[in-house]
Structure formats: structure tokens, C-alpha cells
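Please open the model in your viewer and keep the sequence beside it. The tour below goes from one selection to the next and says what is found at each stop.

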Amino acid sequence: MRVTLDQDKCCGAGTCVLSAPDVFDQDDDGIAILLDPTPPAHLAAGVRDAATRCPAAAIRLEAE
Amino acid sequence: MNETTVNEPTTNDAVSPLPGMPRVRTCPFSPAPEYARLRENAPISQIAFPGGGSGWLVTRYEDVRAMLADPRFSSSLGMGAPHVRPVPAMLEKPRPGALLRLDEPEHTRYRRPVMRAFTVKRVQALRPRIQQIVDECLDAMERSGGPVDLVAELALPVTSLVICELLGVDYEDRDTFQGLAGQLLAIDASPEQTQAARLELGLFIAGLVAAKREQPGEDLLSTLIQEADADQDSPLTDEALTILGSLLLIAGHETTANMIALSTLTLLHHPGQFAALHHNPSLVQGAVDELLRYLTIIQFGLTRVATEDVTLGGRLICAGEYVIAALPSANRDPALGIDAPDRLDVTRDPAAHVAFGYGPHQCLGQQLARAELQITLTSLIQRFPTLRLAVPPEQVPYRDDMIIYGVHRLPVTW
């Protein structure tokens, strides 16, 4: 799985950090940060959850 | 699914007046049953507004999310909640900092400076202080011996103290802002009464902005003032700071306080789930999101206005028409992807609900709300495992008359 994050769209809700804390974080201003663009398979469910929940549709997933 | 994008009025539509917003609940913890019928038969249907005019009521989960994420549905062209209470005849231009009424890109310019106070990490750091505030309220409840009004003795003090400390508002002023919140959110208030309450709140916060400029503290309002004064390109004028401060203060205490009290009452009506949380407090994270979904206290949803003709869920919405996202209905839609959405189940994996809205306006303070709810409910249940209503259930006054649902009072004992 390849993850992309559009920081310009991010509205700082923090939902991705709750869903997949090993893959997403927030900077001091609240903007999401992508920690791992190619997360291991065992984190995939959380990452998909983060993409579904993101209110700004800022997270895109591609199968590799 | 309706394949055509043309709205064909049925003969029935032509002769009978439009229905209003569904408001009659048969269970105090569930939205009006009318929503289930609408989701099935008329997922985007026309409703009449009490002060005249009409709009589209959107009841399905997917349509609600699509609508709230679509910039063609504007927050600034409409005003207030015309589907539940009359709004001023003249459309007021959105003022700077009025996050709920701004569209992009202005909305983001004002949201970004305050976002940083509500990140997952910042809220995590606030947890010990929230716990302390909750414990002090529970100590006072225990000393008084009960019965107590849980709204006045726990829900409102916890959320008001937390937002006061965060924002830099004196807790001694709580009667002022809690009273104004009541006036701003009552659906039987006239446009003049709402406007007067808004002005009074604005004066209160403007005074605070002036005082903090003279004598800054360690709070969010002081930080924002200092940044604004140091950066001549900052959008945070004193007017914007006043409006932002007013919004954070009201949204910051009123919503979560209502969730605390209504969640407590809901758990008292579901003793098995109350017991599950008592025996296994680690369930609380999922439980809070389930309660947020199940109760969806933004009971009349969110309004937008179409800026151009838009097809939503097979319906043509014309430019200038009001559209209402029925959040309580969306959160009970089987399309949410959970089993039996009309059942409360605090043990289920949290659904991707829309209790905090959706799209770029989604609740800025949601992590703080979650933390306050998790800490308050866990501590309350652990401290008073025999908690029970102190009045017959039918005497609990529900907030059917307020924009934000909940209970006006909750007499409990243990």
C-alpha cells in the first residue's frame, strides 16, 4: 500500500492520528504528517480507516 | 436509485403543503422515526421552514458526507438554522473569524491559527488537568450526598472550567456565558433575541481581548493576540479574535456538557452497558464514539446553500437553495457499515460517524471533546457504580427546544 497526504487540504481534525498513530502524526500547528508512505501490511486496516474518516479527503491510498 | 436529475413533483407534492423538519421523537435517545422512512423512500426531500421558504433535507449517510465535503454547498450564503427557527430577513455578511459561516479559502485562514490548540498531542497533555477537574467535581458530589443535578454539578463545571483555562476566560464569569449560550441556542428565540445575545457575548469577549493585550497570560487568546500584533499580515483583527473567542467559548462548553449528561442518562437506561464500562474501563474510547454516533446531539443537522446547480444523490439542487444535512439520520443509516445502527453497543469498533460533521468544517475541538467525555464518564462510573435517576424517568426535561440536544437537568443519586 502506498499512502499520499495532501497537507494543503488538511483541516487538523486529528482523526488520522487516532486511526493509525504509527503512520500519521500532527505538527505543532495541527497539520497531519505522513510518517510512513509505505506502511507494513499489519497497519493497513488502520490506514484505510484513516482515509475513510479524514474529513478533508486528504489521504489517498494506492495498492502496490 | 433515481437516475434522472430532474425533480419531478408528484401530484401529491403539488396539492399538499410541504412537511416541516422531522422533530417528533418516540424515544428520547433516538431521532424522529420519520427519518428511517425518509432514508428509504425520499432520501433527499423538500421541507418547509417555519419562517417561510423551503429547503432540501438530506438523510442518507453517503449523501450527507458528499454534501458536507462539496465546496459548491456554501456555509456563508445561508444564515443560522432557518429550518427550525426564523432567521433575520436580511442576510448578514459573514464576519471575520466566524468559522461556521466562512467558505474556503477564508475559513482555513482563521481555522489554522486555532487548530494547534486542539491537536491529539496537546489534548493528551491536558488530560491530567481534566482528570483533576473531574475528580474535584466528583468529590463535591460525594460530599453533598445526593441527589444532585448532574448537569449543574458535573457536566457544565467540567467543560466550562476546561475551556476557560484553555482560552483564558475567568471561570467566575460562567453565569454570564452559560446564560448567553442558552439564549443563543434556544429555537424559540426571535432573531432579535439571538442577535442581542450575540452582541452581549461579543462585548464580553472584546473586553477580554483588550485586557489580555495589556496583561497577557499563558492562554490561547493571549497567544493569538501576541501573534496577531507581531504579524501585520495576520487575519486576526480584534473583531476576528472576538468572534473566534466567542465561538470557542460557547462551542467548547455547551456541546460536551450536553454529551456528558445525555450519555450518562443513556447508560442508566442501558444498565448492561453501564456495567460493561464499570468492569472494563478500557472500553471507554470506543464507547464515547458510539455514544456520539448514537445520540448525535447536533439534532437539527447542518445547513448549506448551493452556489450553483448541483446533482446530489440523483436530485437536482438549484443554485440558491438551502440544503440540510440530517446528521442524526446519517448516523443511523445502515450504509454507515455497522450492524444494527439503531442499537447502542459500547463494545463495537467505532463507526466513521458524522456526529462532528464532515468536510473542512468538521469539529475543531473533537479531540478535546473525546478526552473530556472519556475521563468524565470513566471516573463517574467508577466513583458511583450505583448511580441512578433521582426522579421518575418521565420527569427528565429533554432539550427538544434547543439547537443542541441533551437534558436541561439530570437529578441523580447513588
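Two strands are said to pair if DSSP finds at least two bridges between them, and the strands themselves (E, at least two residues), like the helices (H or I, at least four residues), are DSSP runs numbered from the N terminus. This is a predicted model, in which local features need pLDDT of at least 70 and side-chain atom pairs count only at pLDDT 80 or more, while totals for chains, interfaces and linings use all residues. Residues are numbered from 1 along each chain as its sequence is written, and chains are lettered from A, with ligands numbered from 1, in the order in which they are written.

**First stop: chain A**

Select chain A and read along its sequence, where the elements follow the pattern β-α-β-β-α-β, that is, two helices and four strands. Its C-alpha atoms fill a box of roughly 30 × 20 × 15 Å, taken along the principal axes. The radius of gyration, taken over C-alpha atoms, can be set against a globule rule of 2.2 Å times the number of residues to the power 0.38; for 64 residues a compact globule would come near 11 Å, and the 10 Å of chain A agrees with this.

A residue is called buried here if 20 or more other C-beta atoms lie within 10 Å of its own, exposed if 12 or fewer do, and partly exposed in between, with the C-beta atoms placed from the backbone. By that rule, buried residues make up 44% of the 64 residues in chain A. Two residues are in contact if their C-beta atoms, placed from the backbone, lie within 7 Å, and of the contacts in chain A with a separation of 6 or more, 59% are between residues 24 or more positions apart.

**Second stop: where the chains touch**

Now show both chains and select the contact between them, which takes 15 residues from chain A and 16 residues from chain B. On the side of chain A that touches chain B, α1 (15-19) and α2 (44-53) of chain A each supply at least two residues. The residues on that side divide into seven nonpolar, five polar and three charged, where Ala, Val, Leu, Ile, Met, Phe, Trp, Tyr, Cys and Pro count as nonpolar, Asp, Glu, Lys and Arg as charged, and the others, Gly among them, as polar.

**Third stop: the sheet of chain B**

Hide chain A and select the open sheet of five strands in chain B, whose order is β1-β2-β8-β5-β3 and whose pairing is mixed. Because β1 (44-48) and β3 of chain B stand at the edges, each with a single partner strand, one side of each is left without a neighbour in the sheet.

Which residues cover the two faces of β5(B)? On one side L302(B), R304(B) and A306(B) are buried, and on the other T303(B) and V305(B) are buried too. In a regular strand the side chains alternate between the two faces of the sheet.

Follow the pairing outward from β5(B): β3(B) is joined to β5(B) by two bridges and runs antiparallel to it, with S74(B) opposite V305(B). β5(B) and β8(B) are also antiparallel, paired over four bridges, and there T303(B) stands opposite I324(B). By contrast, β2 (residues 54-58) and β8 (residues 322-325) of chain B run parallel, joined by four bridges, and Y322(B) is the bridge partner of G55(B).

**Fourth stop: two helices of chain B**

Select α10 (residues 238-269) and α14 (residues 366-383) of chain B, which pack at an angle of about 35° with their axes 10 Å apart; axes are lines fitted to C-alpha atoms, for helices over the stretch in contact, and angles run from 0 to 180 degrees between N-to-C directions. Among the residues to display are M259(B) and I260(B) in α10(B), and L373(B) and L377(B) in α14(B). The residues of this contact divide into six nonpolar, five polar and one charged.

**Last stop: particular loops of chain B**

Select P105(B), in the loop between β3 (73-74) and α4 (106-115) of chain B, where a cis peptide bond joins E104(B) and P105(B), with omega about 0°. Another cis peptide bond, also with omega about 0°, joins G146(B) and P147(B).

Is T296(B) buried or exposed? T296(B) is buried, with 23 other C-beta atoms within 10 Å, and its phi is near 30°, a positive value in a residue other than glycine. A340(B), which is not a glycine, has a positive phi of about 45°, but A340(B) counts as exposed, with 9 C-beta neighbours inside 10 Å.
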